[in-house]
Amino acid sequence: MPSRIEDYALIGDGHTAALVARDGSVDWLCWPRFDSAACFAALLGSPDHGRWLLTPAEGSARVTRRYREGTLILETDYETSTGCVTVVDFMPLRNGWSELIRIVFGKRGSVDMKMEMALRFDYGAAVPWVTQLPDGSGLRAIAGPDMVTLRTPVELVGVNLHTEAHFRVDEGQAVPFTLAYTPSHQALPPAGNARNALAKTENYWREWSGRSTVTGRYADPVQRSVITLKALAYEPTGGIVAAPTTSLPEAIGGTRNWDYRYTWLRDATITLLALMRCGYYDEAGKWRDWLARAIAGSPDQLRIMYGLAGERRLPEWEVPWLPGYENSQPVRIGNQAVDQLQLDVYGEVMNALFVARAGGLPADEASWPIQNSLVDHLSKIWTQPDEGIWEVRGGRQHFTFSKVMAWVAVDRAIKSIERFGVEGPLDEWRTLRARIHDDVCTKAWNPKLQAFTQSYGGNNLDASVLLMSLLGFLPATDPRMRSTIEAIERNLTDGGLVLRYRTEHTADGLPPGEGTFLACSFWMADNLALIGRRDEAHELYGRLLALRNDVGLLAEEYDVVRQRQVGNFPQAFSHVALIHTGLNLMRHEQEMARDAGQPASEAAA
């Protein structure tokens with residue numbers, strides 16, 4: 001049985017990432033990059049499908065853990081009856097190959113430790129051939145194209161297709177384990193110094209974190225979320241994965257299990273803006289450049305998501321030999337939604353590139369002709385039904401949010417002409433913008449519910465319409481928006497947190513049942529602040545912060561009945577929403593302080 005989702009911490013190196021449980025088990029790692037076949041896949045199966053356990057032999061140890069401030073270096077303290085050790089887990093910056101390093105530091109007394117490792121490739125299916133390294137410093141494991149080496153001064157023993165070790169750590173002692181990946185046709189990676197690698201990794205993260213411009217009462221959780229986004233970025237291309245995992249269920253035991261190890265255009269706007277708002281223009285620039293490369297080509301071939309390098313084919317298949325997280329099946333690799341029509345991505349792209357230019361990133365003149373073509377194509381297809389932001393599999397509908405984002409696409413194109421002097425059919429686009437706005441206000445408004453609904457002429461609420469006020473379609477104080485916000489607050493919440501929509505009422509092609517969607521609850525907090533209910537907005541934001549795990553991470557959703565995080569983890573969408581809402585609430589405080597003549601630093605303290 002794997003740990004609870006919130007019991008995991010994230011480490012990474014800009015190419016891939018690993019999840020480390022509180023009990024000292026690495027249960028998920030895909031080498032050589034995020035979307036590759038796993039080396040450790042116990043998260044979706046059993047220990048025999050691959051994991052790496054490093055923990056005290058005494059099973060009753062008291063555990064506390066944290067990230068080193070400003071870094072992605074995880075420290076886990078184990079207090080036992082005989083002493084205390086700290087296990088430090090990290091992935092250093094790549095030096096031509098990828099490594100996962102674990103160092104056990106003796107802090108007090110003596111502690112007997114155990115290590116158990118099952119290396120499995122191809123999502124737990126391939127058992128590698130394991131041999132000793134020529135110099136006796138560890139082992140080498142090979143399966144087809146993949147090779148992993150483990151170096152440590154501890155004696156390793158093979159037991160039933162596993163590797164084990166038992167050793168004692170005394171006060172002041174440091175025992176390293178270095179696991180490295182290289183393709184099997186290449187030479188063995190050279191041995192390195194684990195403590196030097198730790199120092200270099202810490203220096204890198206502290207320098208990077210030091211560039212943050214965030215101040216105020218929510219600075220710490222916002223910065224931790226920014227570090228998480230950095231960890232989810234694929235360094236070679238700038239693409240950011242939605243999550244480093246696949247098939248963690250939106251409801252325990254359910255079928256809503258998706259592969260999120262890809263880059264969604266939908267994330268472009270909010271991720272770009274979040275990075276820039278926190279002072280990270282280099283990362284925002286890489287993300288903008290990835291976006292421009294990915295969307296290049298015929299506008300009618302635009303995809304809603306891409307691979308880490310901009311790949312367009314992400315075929316979905318199921319893994320029959322993995323039972324899934326707590327028997328949540330199926331386990332899916334790839335994502336069939338790549339072939340869906342989701343009209344909102346046109347708005348996401350246009351808004352992202354407008355935000356980038358308005359935020360001060362150097363203009364990319366080559367991208368404007370592409371944007372012009374996208375808006376021209378959108379003008380021909382915006383009246384069509386689509387699968388929408390939630391990627392339903394029950395047939396296309398006229399989703400309200402999709403039409404709103406079509407309006408956003410045209411609006412940002414108009415603003416680009418007005419603000420930056422680029423060329424385009426200004427009068428034609430102004431007419432189109434007005435037409436889409438009127439269409440939404442007429443067909444998406446339900447007078448009986450006094451709310452904008454999920455789809456035209458529908459009776460179902462949908463939290464995505466909360467973004468209408470945040471995107472500038474209507475002010476939150478508009479009577480229709482205020483009424484919609486209040487309707488969602490009354491009828492689309494569970495335990496005070498916001499659902500995407502009622503899965504039992506919507507023909508989305510899947511069995512009902514999922515947790516509350518964390519990003520939607522952040523959107524609600526933003527809207528509460530915008531309609532003057534600022535104390536309630538801060539209260540909701542504080543509750544959402546309290547749902548983070550002990551190292552500040554959030555999954556996609558929260559199950560209020562089980563009181564557990566659910567969905568892929570950690571989820572970029574949740575952390576980006578946390579960043580924006582925290583910054584917005586602190587900005588409101590500063591504005592109020594300025595209006596009252598109070599120093600902003602005192603209001604935000």
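## Cysteines and ground rules

A residue is called buried here when its relative accessible area is under 20%, exposed when that area is over 50%, and partly exposed in between, using a 1.4 Å probe and protein chains only. By that yardstick Cys278 is buried, at 0% relative accessible area, and Cys441 is buried too, at 16%. A search of the whole structure turns up 0 disulfides, a disulfide being a pair of cysteine sulfur atoms within 2.5 Å.

Keep in mind that this is a predicted model, where local features need pLDDT of at least 70 and side-chain atom pairs count only at pLDDT 80 or more, while totals for chains, interfaces and linings use all residues. Residues are numbered from 1 along each chain as its sequence is written, and side-chain values use heavy atoms, with hydrogens and water left out.

## Strand S14 and its partners

Helices (H or I, at least four residues) and strands (E, at least two) are DSSP runs, numbered from the N terminus. In a regular strand the side chains alternate between the two faces of the sheet. Strand S14 (residues 162–170) shows this nicely: Thr163, Ala165, Phe167 and Val169 point to one face and are buried. His162, Glu164, His166, Arg168 and Asp170 point to the other face and are not buried.

What does S14 pair with? Strand S9 (residues 98–118) is one of its partners, antiparallel over 8 bridges; two strands count as paired if DSSP finds at least two bridges between them. Across that pairing, Met113 sits opposite Phe167, one of the buried residues of S14. Strand S13 (residues 157–159) also runs antiparallel to S14, joined to S14 by 3 bridges, with Val159 opposite His162. S13 and S14 make a hairpin with 2 residues between the strands, and Asn160 takes a positive phi near 50 degrees there.

## A small open sheet

Further along, there's an open sheet of 3 strands in the order S24-S25-S26, paired antiparallel. Its edge strands are S24 (516–517) and S26 (564–566), each of which pairs on one side only. Strand S25 (residues 557–559) pairs with S26 over 3 bridges in the antiparallel sense, and Tyr558 has Gln565 in S26 as its bridge partner.

## Salt bridges

Side chains of opposite charge can pair when their charged atoms come close. The rule used here asks for a side-chain nitrogen of Lys or Arg within 4 Å of a carboxyl oxygen of Asp or Glu, and it gives 42 salt bridges.

Take Arg33 and Asp35, whose closest N and O atoms are 2.7 Å apart. Are these two buried or exposed? Arg33 is buried, with a relative accessible area of 17%, and Asp35 is buried as well, at 18%. In the Lys230–Glu235 salt bridge (3.6 Å, N to O), Lys230 is buried at 10%, whereas Glu235 is partly exposed at 34%.

## Helix H7

Another salt bridge links Asp411 to Lys415, the closest N and O atoms being 2.8 Å apart. Both residues lie in helix H7 (residues 400–420), 4 residues apart, about one turn of the helix. An α-helix has 3.6 residues a turn, so residues three or four places apart point the same way. Asp411 is buried, at 2% relative accessibility, while Lys415 is partly exposed, at 32%. Elsewhere, Arg66, Arg68, Glu75, Asp77, Glu202 and Arg206 are joined into one network by salt bridges that share partners.

As for H7 itself, the expected span of a helix is 1.5 Å times one less than its number of residues. The 21 residues of H7 should therefore span 30 Å, and the end C-alpha atoms are indeed 30 Å apart. The helix is mostly covered, with 17 of its 21 residues buried. Just after H7 comes Gly421, which takes a positive phi of about 75 degrees.

## His377 in helix H6

Where is His377? It is in helix H6 (residues 367–381), and it counts as buried, at 17% relative accessibility. Leaving out residues up to four places away in sequence, His377 touches Pro299, Asp300 and Tyr346, contact meaning heavy atoms within 4.5 Å. Leu540 lies 163 residues from His377 along the chain, and their C-alpha atoms are separated by 40 Å.
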